[in-house]
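This report looks at charged side-chain pairs and at one tryptophan. The structure comes first, the reading of it after.

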Amino acid sequence: MSDFINQEDFPLLVAQNGPLKGERWLLDGPLVIGREPGCEVAIPDRQVSRYHARLTPGANGVVLEDLGSKNGTHYNGVPLSAPVVLQDGDTIHIAATQEFQFLSSDATMPLQAAPTRNGRLLLDMRARQVWLNQAQMTPPLSAQQFQLLWTLYQNTGQVVTREELVSAVWGDDQSAGVTDQALDALIRRLRDRLSAMDPTHNYIVTVRGHGIMLDNAPGE
């Protein structure tokens with residue numbers, strides 16, 4: 001777990017609007033973005049080319065290049081025609097599907113998106129692992145359960161509306177067809193997994209009439 005905690009010097013790619021919203025990747029090596037499942041950043045959308053773009057860390061910084069994609073890569077709103085060295089806060093658009101923000105290090109990551117590291121619950125987005133009371137959760141959460149918990153984790157101590165949760169888990173395109181019962185069932189399964197590891201604390205709190213909140217108990 002110490003490797004995750006001590007990685008603040010690496011640049012970061014943070015997913016903003018799009019199907020990967022909320023996820024982040026450490027740029028400690030070349031990173032390919034594309035539709036192909038084997039890509040380091042896989043975006044399951046037909047608008048995205050199989051191998052769409054690449055970020056390569058080097059002595060002069062992180063270089064972004066388009067890999068001959070069909071629908072293009074945009075850098076700060078401008079079509080990318082040649083490799084460019086990224087600067088802190090730059091935005092990247094992959095086709096019209098996914099927006100990313102480049103951060104020069106974990107230390108510059110916006111506070112509202114940074115994980116809380118002093119509670120019993122710890123999430124590693126890159127490895128999609130959950131730690132509770134210093135024990136790793138096994139088997140791992142499903143993709144939807146992890147995305148739900150990650151969304152709450154990013155906003156620890158703050159109420160997240162049900163609509164925001166549905167959008168984060170199912171995506172804007174599919175959220176209209178998601179019922180209250182489907183969200184409730186997902187929340188219930190996640191509560192059961194957390195309770196199985198730590199029955200002494202209620203991590204997921206329903207704030208009636210407002211939404212759901214994560215209460216990350218202080219670490220021991």
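Strands here are DSSP runs of E at least two residues long, and they are numbered from the N terminus. The model is a predicted one.

**The tryptophan**

Trp131 belongs to strand β13, which covers residues 129-132. Its relative accessible area is 18%. The limit for buried is under 20%, so Trp131 counts as buried. Leu121 is ten residues away from Trp131 along the chain. The C-alpha atoms of Trp131 and Leu121 are separated by 5.8 Å.

**The salt bridges**

Side chains of opposite charge can pair when their charged atoms come close. The whole structure holds five salt bridges. Among them are the pairs in this table.

| Pair | Closest N to O |
|---|---|
| Arg54 and Glu65 | 3.0 Å |
| Arg120 and Asp198 | 2.8 Å |
| Asp184 and Arg162 | 2.9 Å |

**Strand to strand**

Arg54 forms a salt bridge with Glu65. Arg54 sits in strand β5 (residues 53-58), and Glu65 sits in strand β6 (residues 61-66). The pair therefore ties together parts that are eleven residues apart in sequence. Arg54 is partly exposed, at 29% relative accessible area.

**Loop to loop**

Which parts of the chain does the pair of Arg120 and Asp198 link? Arg120 and Asp198 form a salt bridge at 2.8 Å. Arg120 is in the loop between β11 (98-103) and β12 (121-124). Asp198 is in the loop between α4 (180-197) and β15 (204-207). The pair links distant parts of the chain, 78 residues apart. Arg120 is buried, with a relative accessibility of 16%. Asp198 is buried as well, with a relative accessibility of 3%.

**Helix to helix**

Asp184 meets Arg162 in a salt bridge, at 2.9 Å from N to O. Helix α4 carries Asp184, and helix α3 (residues 162-170) carries Arg162. These parts are 22 residues apart in sequence, and the pair ties them together. Asp184 is partly exposed at 34% relative accessibility. Arg162 is partly exposed at 24%. The pairing goes beyond these two residues: salt bridges with shared partners join Arg162, Asp180 and Asp184 into one network.

**In short**

The loop pair of Arg120 and Asp198 has a buried arginine and a buried aspartate. In the helix pair, Asp184 is partly exposed, and so is Arg162. In the strand pair, Arg54 is partly exposed.

Note on methods. Residues are numbered from 1 along each chain as its sequence is written. This is a predicted model: local features need pLDDT of at least 70, side-chain atom pairs count only at pLDDT 80 or more; totals for chains, interfaces and linings use all residues. Side-chain values use heavy atoms; hydrogens and water are left out. A salt bridge is a side-chain nitrogen of Lys or Arg within 4 Å of a carboxyl oxygen of Asp or Glu. Helices (H or I, at least four residues) and strands (E, at least two) are DSSP runs, numbered from the N terminus. Buried means under 20% relative accessible area, exposed over 50%, partly exposed in between (1.4 Å probe, protein chains only).
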